[in-house]
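Me: Please go through the pocket, the helices and selected loop residues of the model shown below.

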Amino acid sequence: MYAIITDGSISKYINHPKSLVIGDVRYPAKIFSLWTASELAAIGIYEITFDDSNKKNETYYINTNQTFTYDADAGTVTAAYGDATPKAHADTLFTAQDETDGKGTEGEIATRGLKYNFIKTIKAQAAGILQDTDWYILRKADADTDVPSAITTFRAAVRTKAAAMETLITNASNTAAIETLYTYVNTADEGDPRVLERPLGEFPVLGS
């Protein structure tokens, strides 16, 4: 992506190389691949440098729009994000002011927070895992065939892990703490540097 600088400020953005007119001269699209950065800058064209240092995971944060800045001294155009806003980690409730606006009753849930949504996902994941062995339970009820102890142990372990995950999420103090629960880090030593784990942990796997 490029920017055209006119009279010291950005006048136009170019998403893809194309033929264009600057002043009274039409330049072919191939200048973007054949010309050097200095040659392009001489006619006011600068490739944009993208600074994503402030950009955060959109699962947990709301990022700002990018701001494009031309630095005449450095001869650069940079696109950068502002400070991201954390998404609410807890449910947001209607206030008395909302009630007067006809939006809802004070104290009712206005917007679900990250905790609710992640716990809902954990419950769905646990249910999906248990579903694969539900037939043992149905067979027990229908034909009184004993459920193998390994299956009983596994199903109990899934429920226990789900409960532990939900507790960790519930106890997270803010959005950053929730993100940390889901962030994988390398916990291996030099002998095996590819072991990635997250604080939230993982569901047990049948037969492992």
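Reply: The α2 (37–42), β5 (45–51) and β8 (76–81) elements each supply at least two residues of the lining of the largest pocket; helices (H or I, at least four residues) and strands (E, at least two) are DSSP runs, numbered from the N terminus. This is a predicted model, in which local features need pLDDT of at least 70 and side-chain atom pairs count only at pLDDT 80 or more, while totals for chains, interfaces and linings use all residues. Residues are numbered from 1 along each chain as its sequence is written, and side-chain values use heavy atoms, with hydrogens and water left out.

Me: How much space lies in the largest pocket?
Reply: On a 1 Å grid over the protein atoms alone, a pocket is an open set of points where a 1.4 Å probe fits, with protein on both sides within 12 Å along at least five of seven lines. Grid points are joined across faces, edges and corners, and the volume is the space filled by probe spheres set on the points. For the largest pocket this space is about 150 Å³.

Me: What is the lining of the largest pocket by class?
Reply: Lining residues have an atom within 4 Å of a point, and they include Tyr-2, Leu-40, Glu-47 and Val-77. Ala, Val, Leu, Ile, Met, Phe, Trp, Tyr, Cys and Pro count as nonpolar, Asp, Glu, Lys and Arg as charged, and the others, Gly among them, as polar. The lining has seven nonpolar, four polar and one charged residues.

Me: How far apart are the end C-alpha atoms of α4?
Reply: The expected span of a helix is 1.5 Å times one less than its number of residues. For the 18 residues of α4 (residues 114–131) the span should be 26 Å, and the end C-alpha atoms agree with this, being apart by 26 Å.

Me: Over what arc around the axis do the buried residues of α4 lie?
Reply: Buried means under 20% relative accessible area, exposed over 50% and partly exposed in between (1.4 Å probe, protein chains only). The buried residues of α4 are Leu-114, Lys-115, Phe-118, Ile-119, Ile-122, Ala-126 and Leu-130. They are on the same side of α4, because the arc, taken from the directions from the helix axis to the C-beta atoms, is only 135°.

Me: Which residues are exposed on the other side of α4?
Reply: The buried residues of α4 pack against α5 (134–143), α6 (149–171) and α7 (175–182). On the other side of α4, the exposed residues are Lys-120, Ala-124 and Gln-131.

Me: With which residues is Ile-169 in contact, leaving aside its neighbours within four places in sequence?
Reply: Ile-169 lies in helix α6 and is buried, with a relative accessible area of 0%. Its C-alpha is 7.6 Å from that of Phe-118, although the two are 51 residues apart in sequence. With contact meaning heavy atoms within 4.5 Å, and those neighbours left aside, the residues are Lys-115, Phe-118, Ile-119, Ile-122, Leu-181, Tyr-182 and Leu-200.

Me: Is Thr-133 buried or exposed?
Reply: Thr-133 is in the loop between α4 and α5. Leaving aside its neighbours within four places in sequence, Thr-133 is in contact with Ile-151, Arg-155 and Leu-206. With a relative accessible area of 3%, Thr-133 is buried.

Me: What is the phi of Asp-144?
Reply: Asp-144 lies in the loop between α5 and α6 and is exposed, with a relative accessible area of 55%. Although Asp-144 is not a glycine, its phi is positive, at about 60°.
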